[in-house]
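Grab the model, spin it around a little, and let's walk through what can be read from it.

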Amino acid sequence: MLSIENNRNQTDEEIQDIPRQTESMTSATELAHEIRNPLTAVKGFIQLLKPHLIEIGKEQYADLAIEEINRANDLLFDFLNTSKSQNTKTEVPLNKLLENMAMLYQMNKIQIDVSLSIRNPTVLANERQLKQVLANVIKNAIEAAPQDVGRITLSSDYNDSSAFIIIEDNGTGMTKQEMQNLFTPFYSSKDTGTGIGLPICKKIIEEHGGSVQISSLEGKGTMFKIELPIYKRKTDCSDYIE
């Protein structure tokens, strides 16, 4: 009875928290729109100043400023796009996806291992968005991992109804407060963090009918487990999982 009551209280708290989370994401979207306008103006002014900087041999500062403004605009563009419904979904084999992501980040000094399911689980998803989620989580894992002995493992798994992507690292782990605020828009424990990456990731996975589970221990590391509905293609004989 005590367990049932605890579960009921937890569910009530989660339901009560939905309006606050929705309001936060709405406010974040509105703020993203507002930020783009002054960024465009600042970029225009820098471009006007660039000829004068060239005269004194300081044009590299203008180039760097414009590059950073473009990067900020790209972040805002991705954020605003994920706030809209995107229905372009294709069959995405998770093993191939994880192999490609591991290859992409193999240039870092951190060791990246891949542990793939024998049967290649497939999901119906927007592949670009899935790559965006994985890139964000892997980048965070790389930043948290110790440089000399850092290790990240990308794994795939499945059951009858779900496919799983698991990303584990042996980094610094997270505090209880960091765990509680992990998906709060604009919250970041890093000096250079924007605090919008993980909330966007969570939103993308939920829009695909999935969920994100996280476990972390300070000084030990963190595990992200992404669950998505498995894709079953109907054939003349039976359903099968790719």
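Met-103 and Leu-104 are exposed on one side of helix 3, where exposed means over 50% relative accessible area, buried means under 20%, and partly exposed is in between (1.4 Å probe, protein chains only). By the way, helices (H or I, at least four residues) and strands (E, at least two) are DSSP runs, numbered from the N terminus. On the other side, helix 3, residues 94-104, has these buried residues: Leu-94, Asn-95, Leu-97, Leu-98, Met-101 and Ala-102. They all end up on the same side of the helix because they cover an arc of only 160° around its axis, the arc being that of the directions from the helix axis to the C-beta atoms.

What do the buried residues of helix 3 pack against? Quite a crowd: strand 1 (90-93), strand 2 (111-115), strand 3 (122-125), helix 4 (127-144), strand 4 (151-158) and strand 5 (162-169).

A quick word on where this comes from: it's a predicted model, in which local features need pLDDT of at least 70 and side-chain atom pairs count only at pLDDT 80 or more, while totals for chains, interfaces and linings use all residues. Residues are numbered from 1 along each chain as its sequence is written, and side-chain values use heavy atoms, with hydrogens and water left out.

Zooming out, the protein has six helices and nine strands. Of its 242 residues, 33% count as buried. Contact here means heavy atoms within 4.5 Å. Among contacts with a separation of 6 or more, 71% are between residues 24 or more positions apart.

Now for the inside. A nonpolar core is a set of buried Ala, Val, Leu, Ile, Met, Phe, Trp, Tyr and Cys residues joined through side-chain atoms within 4.5 Å. The largest one holds 35 residues, and the members touching the most others are Val-123, Leu-130, Leu-134, Ile-138, Ile-152, Leu-154 and Ile-167. Two or more residues each come from helix 3, strand 3, helix 4, strand 4, strand 5, helix 6 (197-207) and strand 7 (221-229). Helix 4 gives the largest share, seven residues. There's also a second, separate core of six residues, including Leu-39, Ala-62, Ile-66 and Leu-76.

Take Val-123 from the largest core. Leaving aside neighbours within four places in sequence, Val-123 is in contact with Thr-90, Glu-91, Val-92, Leu-94, Leu-130, Ala-163, Leu-228, Pro-229 and Tyr-231. One of those partners, Val-92, lies in strand 1 and counts as buried, at 1% relative accessibility. With the same neighbours left out, Val-92 is in contact with Leu-97, Pro-121, Thr-122, Val-123, Ala-125, Glu-127 and Leu-130. Over in helix 4 you'll find Gln-129, which is buried too, with a relative accessible area of 1%.

Some residues that are far apart along the chain have these C-alpha separations:

| Pair | Apart along the chain | C-alpha to C-alpha |
|---|---|---|
| Ser-161 and Ile-230 | 69 residues | 5.6 Å |
| Val-92 and Ala-125 | 33 residues | 6.4 Å |
| Gln-129 and Lys-89 | 40 residues | 9.8 Å |

Ser-161 sits in the loop between strand 4 and strand 5. Beyond its neighbours within four places in sequence, Ser-161 is in contact with Leu-228, Pro-229 and Ile-230.

On to the strands, which pair if DSSP finds at least two bridges between them. Strand 2 and strand 4 run parallel, joined by five bridges, and Val-114 has Leu-154 as its bridge partner in strand 4. Strand 4 and strand 5 run antiparallel with seven bridges, and a hairpin links them through three residues. Here Leu-154 stands opposite Ile-167 in strand 5.

How many bridges pair strand 6 with strand 7? Seven, in the antiparallel sense, with strand 6 covering residues 211-217. Ser-216 has Thr-222 as its bridge partner in strand 7. Their hairpin has three residues between the strands, and Gly-219 there takes a positive phi near 80°. Another glycine, Gly-209, follows helix 6, and its phi is positive, near 80°. As for helix 6, its buried residues are Gly-197, Leu-198, Pro-199, Ile-200, Cys-201, Ile-204 and Ile-205.

Last stop, the rings: the charged end of Lys-225 sits over the ring of Phe-164, 4.7 Å from its centre. To count, NZ of Lys or CZ of Arg must be within 6 Å of the ring centre and within 35 degrees of the ring normal.
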